[in-house]
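Visitor: I am new to this structure and would like a close look at a single part. Please pick a turn to begin with, and then follow the chain outward from there.

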Amino acid sequence: MANCFYGADILLPKFREDKEKMNKWATIACDQYTSEPDYWNGVESIVGDSPSALRVTLPEIYLDGGDTAERIAKINATMSDYGENVLESFADTQIYLERKLADGRVRHGLIGMIDLEEYDYNKGADTLVRATEGTVLERIPPRVEIRRGAEIELPHVMMLIDDREKSVIEPITAKKKGFERAYSFTLMQNGGEVEGYFVDKESEAQIEKALDKLCNIDEYNKKYGTNEKKPMLFAVGDGNHSLATAKALWGEIKEKLGEDAKNHPARYALVEIVNIHDAALEFEPIYRVIFECDSDKVMSALKAYAEENKGGENAFEIECVSEKTSEKVIIKNSKEELAVGALQKFIDKYLKENAGYVDYIHGVESTKTLANKENAIGFLFDGMGKDELFKSVILGGSLPRKTFSMGEAHDKRYYLEARKIVK
């Protein structure tokens, strides 16, 4: 079976060799720091009047503001301007990149596009590209509204491959010195450094062959002890809702244009692929903080939930932190396989019946800081290991939403490369 990853017409700033301008261009994924306005104020201060991905994306911290429509209109107008005056196209290419993280480790990836016909976020999907977490359908329409009027896309989607033999990305590392460098600069706000290279055609063929091998169904079933008819080649690690948005808009276009839509650029989405066995790739739990709540009432409800007989045998320790308390609660008798699943069931039930709202926080210290605000409470717990991901999704479908994060917030993918999605 052929894989669904291809070279793309990638757009980069015309000033890609200017390290200072590129530092202002690249910005963190929009779904980070959603309860930390100081971070985004800092980005604004750094960017100033310079061309920046900040001006063509909508950070989620602003998504529910009263000026969302105005922001979207401005984003779309800026995209047109950037398409004419800021960005240049590199046709049918892939970019090999090295992301030096804040702690000095280097994560390796490949930028290209995937066919959205091979992506399905529904549980039980048998496509080559599958979601790893539950998709919240309510989050898609406002994002579709942004993408519907957009001329370009900037990806923060990171997709994982289970390449134990390190046959896809790692061989390219040794060849990078022979490639043309696409960019090399320091990322703002403790993001580390990034360096990218245009992959030559010989290496693209090598990548394609290695991905095709990962699709071999006999070897795939032997690897996972399964009896599947079609492999899962890519697991969406970050950006599932962005990819779901792209899929939704593609569905609209396909329905409208019919056969004429098959070569439409919106059929594809620009992504980064990373080997789950990359030594610099770590899974971190995504913690929870409930705001605008009575923290004493939440604690009482959680303790009662923890003692209920839920018909299972698993137990999970949850550390609860607020300005009033710091204590651990053991959720007993759970059918869930992960602590996050057991906790999320409690949170969903509690918020359905009581005041408050939940946000999903990256990092222990950020969680504790936010949880120590008035009328807030946070929850810390053990996460899943990255080696568990593929088999868990293959056998059980998508995981509870916001189960894991691939590293700390500042190590997330930055908006950097772009691609035109209109004809």
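**A hairpin and its surroundings**

Guide: Strand 11 and strand 12 make a hairpin, with 6 residues between them, and Gln189 in the turn has a positive phi of about 55°. The model is a predicted one, in which local features need pLDDT of at least 70 and side-chain atom pairs count only at pLDDT 80 or more, while totals for chains, interfaces and linings use all residues. Residues are numbered from 1 along each chain as its sequence is written, and side-chain values use heavy atoms, with hydrogens and water left out.

Strands here are DSSP runs of E with at least two residues, and helices are runs of H or I with at least four, both numbered from the N terminus. Two strands pair if DSSP finds at least two bridges between them.

In the hairpin, strand 11 (residues 180-186) pairs with strand 12 in the antiparallel sense over 6 bridges. One bridge sets Phe185 opposite Val194 in strand 12. Strand 12 also runs antiparallel to strand 5 (residues 95-100), to which 6 bridges join it. There, Tyr96 has Tyr197 of strand 12 as its bridge partner. Strand 12 (residues 193-198) is largely enclosed by the rest of the structure, because 5 of its 6 residues are buried. Buried means under 20% relative accessible area, exposed means over 50%, and partly exposed lies in between (1.4 Å probe, protein chains only).

Strand 14 (residues 268-275) is mostly covered as well, with 8 of its 8 residues buried. In a regular strand the side chains alternate between the two faces of the sheet. In strand 14, Tyr268, Leu270, Glu272 and Val274 are on one side, Ala269, Val271, Ile273 and Asn275 are on the other, and all of them are buried. Strand 6 (residues 106-115) pairs with strand 14 in the antiparallel sense over 6 bridges, and Ile111 has Glu272 as its bridge partner. Strand 10 (residues 158-161) pairs with strand 14 in the parallel sense over 4 bridges; here Leu160 stands opposite Val274.

An open sheet of 4 strands has the order 4-2-22-9, with antiparallel pairing. Its edge strands, each pairing on one side only, are strand 4 (87-93) and strand 9 (152-153). Strand 2 (residues 8-13) and strand 4 are antiparallel and share 5 bridges, one of which puts Pro13 opposite Leu87.

Pro13 and Leu87 are also among the residues that Trp25 touches; others include Phe15, Pro51, Tyr82, Leu154 and Tyr415, leaving out residues up to four places away in sequence. Contact means heavy atoms within 4.5 Å. Trp25, Leu12 and Tyr183 have the most contacts inside the largest nonpolar core, which has 51 residues. A second, separate core of 43 residues includes Tyr305, Ala306, Ile331 and Phe346. A nonpolar core is a set of buried Ala, Val, Leu, Ile, Met, Phe, Trp, Tyr and Cys residues joined through side-chain atoms within 4.5 Å.

Phe346 is also in contact with Ala301, as is Tyr350, leaving aside neighbours of Ala301 within four places in sequence. Ala301 and Tyr350 are 49 residues apart along the chain, and their C-alpha atoms are separated by 7.7 Å. Ala301 is in helix 9 and is partly exposed, with a relative accessible area of 25%.

The loop between strand 15 (283-291) and helix 9 (295-307) holds Glu292. Glu292 is not a glycine, yet has a positive phi of about 55°; this residue is exposed, with a relative accessible area of 58%. Asn333 also has a positive phi, near 55°. Asn333 lies in strand 17 (residues 326-334) and is partly exposed, with a relative accessible area of 27%.

One helix pair completes the tour. Helix 4 (residues 140-148) and helix 8 (residues 240-257) pack at an angle of about 65°, with their axes 9 Å apart. Axes are lines fitted to C-alpha atoms, for helices over the stretch in contact, and angles run from 0 to 180 degrees between N-to-C directions. In this contact, residues of helix 4 including Ile140 and Val144 meet residues of helix 8 including Ala244 and Leu249. The contact residues divide into 6 nonpolar, 2 polar and 4 charged. Here Ala, Val, Leu, Ile, Met, Phe, Trp, Tyr, Cys and Pro count as nonpolar, Asp, Glu, Lys and Arg as charged, and the others, Gly among them, as polar.
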